[in-house]
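Thanks for coming. I will go through one chain today, starting with its charged side chains and ending with two serines.

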Amino acid sequence: MTKQPDEPSVKIEVIPATLEQEPILANLLELYGHDFSEFHDIDLGPDGRFGYKCLPLYWSEPERHPFLVRIDGKLAGFAFVKRGSEVSGNETVWDMAEFSVIRGYRRRGFGTQVTHELWRRFPGLWEIRVMQSNVRACQFWARAISMFAGEAVHPVPVKKGGEYWELFSFESKRVSQQ
């Protein structure tokens with residue numbers, strides 16, 4: 001159980017998604033694509049869906065990890081963690097490939113708690129990339145990462161594929177078992 005100052009006692013779950021839950025993630029990705037289309041040039045397909053071509057890889061490649069997020073038992077978002085950076089090309093870092101919390105659960109600390117749990121689950125070097133044009137996301141990631149690291153972590157601006165990104169780098173240390 002996790003308690004927030006402005007929330008009653010809330011149960012946050014970060015659950016590995018099964019292959020049977022792939023349609024649920026596909027639906028959540030449509031909402032994510034809709035939100036993201038404000039910052040990134042993505043088009044609807046002829047079927048009226050954004051689609052996500054990499055989704056099947058999360059059950060066929062061992063270094064990809066899909067998660068569903070539930071808050072008090074209700075579906076509230078998802079996260080995709082994978083090995084290898086899309087921006088720096090470093091194949092050994094952990095990458096938050098996609099992350100989304102449904103709008104009704106945003107700005108209440110839930111996303112930060114979910115990210116911290118994921119970073120603890122996957123110790124090592126991390127890179128988080130955020131489009132510069134997505135100002136709220138840049139602010140969220142700067143705050144979440146700095147809280148996790150216990151110090152201010154500043155991004156490095158990067159241009160890749162004609163897009164401008166903020167690239168955060170930090171380490172999640174392995175928690176000792178006691």
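I count a salt bridge when a side-chain nitrogen of Lys or Arg is within 4 Å of a carboxyl oxygen of Asp or Glu. Glu61 and Arg64 meet that cut-off, with the closest N and O atoms 2.8 Å apart. Before I go further, please keep in mind that this is a predicted model.

Let me stay with that pair for a moment. Is Arg64 buried or exposed? Arg64 has a relative accessibility of 15%, which counts as buried. Its partner Glu61 is partly exposed, at 35% relative accessible area. Arg64 has a second neighbour to mention: it lies over the face of Tyr58, 5.1 Å from the ring centre. So Arg64 appears twice on my list, once in a salt bridge with Glu61 and once over the ring of Tyr58.

How many salt bridges does a search of the whole structure find? The search finds eight. As a general point, side chains of opposite charge can pair when their charged atoms come close.

Another of the bridges joins Arg83 and Glu63, at 3.6 Å from N to O. Arg83 belongs to strand S3, residues 74-83, while Glu63 sits in the loop between helix H1 (22-36) and strand S2 (64-71), so this pair ties together parts that are 20 residues apart in sequence. Both partners are partly exposed: Arg83 has 33% relative accessibility, and Glu63 has 39%. Arg83 also has a ring to deal with. Its charged end sits over the ring of Trp94, 3.8 Å from the centre.

Then there is Glu13, which forms a salt bridge with Lys11, the closest N and O atoms being 3.8 Å apart. Here Glu13 is partly exposed, with a relative accessible area of 24%, and Lys11 is partly exposed as well, at 40%. The last charged group I will show is a network of salt bridges that links Lys82, Glu86, Asp95 and Arg129.

Now the aromatic side chains. Searching the whole structure gives 14 aromatic pairs. One of them is Phe78 with Phe80, a tilted pair with 5.3 Å between the centres and 50° between the planes. Phe78 is buried, at 1% relative accessibility, and Phe80 is buried too, at 0%. Trp94, the ring under Arg83, is also part of an aromatic cluster. Which other residues are in that cluster? They are Phe67, Phe99, Trp119, Phe122, Trp126, Phe140, Trp141, Phe148 and Phe170.

Stepping back to the whole chain, there are three helices and seven strands. In sequence order the pattern reads β-α-β-β-β-α-β-α-β-β. The chain has 178 residues, and 42% of them are buried. Its accessible surface is about 10,200 Å², with 53% of that belonging to carbon and sulfur atoms. Of the contacts with a separation of 6 or more, 62% are between residues 24 or more positions apart.

Next, helix H2, which covers residues 110-121. With 12 residues at 1.5 Å a residue, H2 should span 16 Å, and its end C-alpha atoms are 17 Å apart, which agrees. How many of the residues of H2 are buried? Nine of the 12 are, so to put it plainly, by the under 20% cut-off for buried, H2 is mostly covered. The buried set is Phe110, Gly111, Thr112, Gln113, Val114, Thr115, His116, Leu118 and Trp119. Trp119 is a name you have heard already, as a member of the aromatic cluster.

I will finish with the two serines. Ser146 lies in helix H3, residues 135-149. Ser146 is buried, with a relative accessible area of 18%; the cut-off for buried is under 20%. Apart from neighbours within four places in sequence, Ser146 is in contact with Glu151, Ala152 and Val153.

Ser88 is placed in the loop between S3 and strand S4 (94-101). Ser88 is partly exposed, at 39% relative accessible area. What does Ser88 touch, not counting residues up to four places away in sequence? Ser88 touches Glu127 and Leu167. Ser88 and Val158 are 70 residues apart in sequence, with 8.8 Å between their C-alpha atoms.

That is the end of my list.

Key:
Residues are numbered from 1 along each chain as its sequence is written. This is a predicted model: local features need pLDDT of at least 70, side-chain atom pairs count only at pLDDT 80 or more; totals for chains, interfaces and linings use all residues. Side-chain values use heavy atoms; hydrogens and water are left out. Buried means under 20% relative accessible area, exposed over 50%, partly exposed in between (1.4 Å probe, protein chains only). Helices (H or I, at least four residues) and strands (E, at least two) are DSSP runs, numbered from the N terminus. Rings of Phe, Tyr and Trp (its six-membered ring) pair if their centres lie within 6.5 Å; planes under 30 degrees apart count as stacked, over 60 as edge-to-face and the rest as tilted. A charge sits over a ring if NZ of Lys or CZ of Arg is within 6 Å of the ring centre and within 35 degrees of the ring normal. Contact means heavy atoms within 4.5 Å. Accessible areas come from the Shrake-Rupley method with a 1.4 Å probe; for residues, only the protein chains shown count as cover. The expected span of a helix is 1.5 Å times one less than its number of residues.
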